[in-house]
Amino acid sequence: MRKLRTLRLGRSLARDDTGIAMVLVIGVGSVLAILIVTAVAFSVNGLKVSRASSDWNAALAASYAGVEEYQSRLADDPAYFRYGNPASTFNATPTKVKLPIGTEVNPAFGLGATGTWATVDGSSGEATFRYEVDNSSYSTDGKIRLRSTGRVGNETRSIVADLKQQGFIDFLYFTDYEIQDPDQSGSPLSCVTYAWAGRSTSIVNGKPLCSDIAFGAADSIDGPVHSNDAIRACQSVFKKQVTTAYQPTSGSFILNKNSGGSSCTAATTSPQYPPKFSPVVGMPSTNSQIRKEVRSDLAAADVPFPGCLYTGPTSIKLNSNGTMTVRSPWTKKTRVAGDPVTSGSDNNAACGSSADLKSTAGATITVPKDNVVFVQNVPASPSDPNYWAATDQPNSGSCKGVDGGVGNGIGYPRTQELAPLGTPYGCRNGDVFLSGTLKGNLTINSENYFYIVGDVLYSDKEKDMLGIIGQNAVFVWNPVKDATSSGALLGNNREINGAILSVAHTFQVQNNDKGGDQGTLTVNGAIAQKFRGIVRVTLGTGQVNGYLKAYNYDPRLKYLAPPKFLSPVTTTYGVNIWVEVSPVFKATGVPF
């Protein structure tokens with residue numbers, strides 16, 4: 001009995017062990033199953049997170065692609081800034097944009113859930129973008145703001161970019177040709193070619209036929225420099241980037257040669273900014289396109305506030321209180337209509353009345369806000385409202401100088417002044433005579449010469465900005481009574497604040513070979529010219545004439561421009577600022 005009971009107990013125990021094992025197997029299996037399910041779930045969620053992260057990063061890239069695509073459209077059509085979606089709240093002035101139509105329809109201008117998106121090339125339709133344009137300040141500083149939103153999957157990201165025209169004011173010193181203006185030197189027109197394209201190196205009577213000009217040992221240039229020509233420099237100091245369209249097969253991008261072509265001690269350049277190649281920047285042939293800014297008959301989207309038109313020799317004295325005093329005897333109408341011009345208006349408040357402009361005291365007016373002054377030659381067409389017959393003059397002394405000889409009737413030539421060679425101070429020329437202290441933002445244009453007759457300063461160097469554009473030469477006025485070292489009629493040292501451009505000729509010191517050493521010419525801003533201008537001359541007798549250069553770049557010109565300042569023939573837009581902002585649209589297209 002005991003054995004049987006023991007056997008039964010053993011079998012019972014055996015049955016109990018089998019059950020426990022089964023429980024263990026099931027338990028372990030359940031745990032493994034849970035672990036597998038957890039691992040699978042984690043992996044799936046990880047894939048989702050990874051995909052979301054990938055889409056999030058890709059959406060930013062898509063927004064950048066939108067900016068680049070818009071830049072390409074501007075490169076193809078410089079006037080593309082006028083397009084945008086007027087329904088967007090991003091533009092401060094919605095009436096300044098319109099949607100392109102026909103074959104020019106752009107899907108990137110879509111808005112809302114039903115609006116279109118443009119596709120990023122090469123993304124197989126997975127990456128899209130749309131953008132909004134704010135051109136409200138384009139007419140004043142050449143700047144366009146763009147808000148671009150990229151979309152990939154369910155992710156969107158938005159950035160705001162400020163785009164500005166790249167042009168002459170990107171350089172402290174820009175020249176097309178590194179030779180003296182043939183109008184000043186008498187060099188043959190065959191010299192008007194780049195040195196790297198085969199310009200003559202002939203020496204005639206001990207001087208280079210083509211009047212090549214080199215930077216000298218006393219020249220210190222503190223700002224970016226570009227020349228389409230080959231640059232010559234002897235012991236000069238370039239503190240910032242130097243670029244040139246000259247590509248040497250070996251050696252430096254800057255030639256260590258003087259004006260005559262002889263070797264000299266090389267210029268000093270910054271290790272941070274080694275000289276390098278950059279292609280030719282094309283100059284416009286004329287500044288006449290700015291003339292439209294004084295027309296009163298154009299649509300508000302093109303010319304919302306016309307500037308001021310003056311005719312014939314015009315003196316402008318900038319006053320530090322935000323006004324300027326203008327004397328312009330030949331002016332009849334200060335705003336015009338038509339192309340060609342057929343009518344005009346005598347706008348007393350904005351530009352001065354013709355009666356005041358003709359007076360000895362001139363007209364004192366508020367500096368046109370963010371606008372343009374254009375000084376034209378006396379028109380030759382009788383249908384133009386500013387026309388004068390050949391025998392007519394606004395005043396009895398309109399074609400006389402201060403001493404009663406031949407002059408322009410507004411004080412030039414001055415007493416004792418030895419009139420320069422050529423035909424300066426023409427009594428019907430669209431010449432500007434500028435001095436004073438500017439409070440505001442203004443661009444002044446001359447159809448002929450531009451004379452800077454005194455210091456030109458800013459009331460506030462952080463707020464004020466001036467553009468100086470001459471179709472022909474821009475002269476630092478330097479009257480002399482004779483060629484001696486004591487012949488100068490003005491005191492030493494001059495300062496000019498502004499962006500200076502001579503479209504067809506040069507920026508130079510008048511009578512640069514006379515009058516003796518006159519100290520330093522300080523320019524704070526930018527200088528652009530077709531031909532190099534002479535600022536300082538040392539005669540064979542040892543007499544030094546003219547000014548030392550102290551040129552400093554106005555860093556604001558990287559981001560701002562004087563109102564309606566002239567651009568190169570080939571316009572490109574650079575991005576000055578990138579800022580990521582909160583997404584504007586959800587992936588469905590509806591606004592956040």
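This passage looks at a buried arginine, two cis peptide bonds and two residues with positive phi in a predicted model.

Take R199 to begin with. This residue sits in the loop that runs between α3 (182-185) and β6 (203-204). Despite the loop setting, R199 is tucked away from solvent: its relative accessibility is 6%, so it counts as buried, the cut-off being under 20%. Its side chain has a polar partner in the side chain of D212, at 2.9 Å. D212 also turns up in the wider set of contacts that R199 makes beyond four places in sequence, alongside Y177, E178, I179, C191, T193, Y194, C210 and D229.

Two peptide bonds that lead into prolines are cis. One joins D339 and P340, with omega at about 5°, and P340 belongs to the loop between β19 (335-337) and β20 (343-345). The other runs from Y412 to P413, with omega near 0°. Here the proline is again a loop residue, P413 being placed between β22 (371-376) and β23 (432-438).

Positive phi values crop up at two residues that are not glycines. S124, with phi of about 55°, lies in the loop linking β1 (118-119) to β2 (127-134). N205 also has a phi of about 55°, and its loop falls between β6 and β7 (207-208). As for solvent, S124 has a relative accessibility of 73% and therefore counts as exposed. N205, at 79%, is exposed too, since the cut-off for that label is over 50%. R199, by contrast, is a buried loop residue.

Technical notes. Residues are numbered from 1 along each chain as its sequence is written. This is a predicted model: local features need pLDDT of at least 70, side-chain atom pairs count only at pLDDT 80 or more; totals for chains, interfaces and linings use all residues. Side-chain values use heavy atoms; hydrogens and water are left out. Helices (H or I, at least four residues) and strands (E, at least two) are DSSP runs, numbered from the N terminus. Buried means under 20% relative accessible area, exposed over 50%, partly exposed in between (1.4 Å probe, protein chains only). A polar contact is a pair of N or O atoms within 3.5 Å; within protein, one must be able to donate a hydrogen and the other to accept it, and residues adjacent in sequence count only if both atoms are side-chain atoms. Contact means heavy atoms within 4.5 Å.
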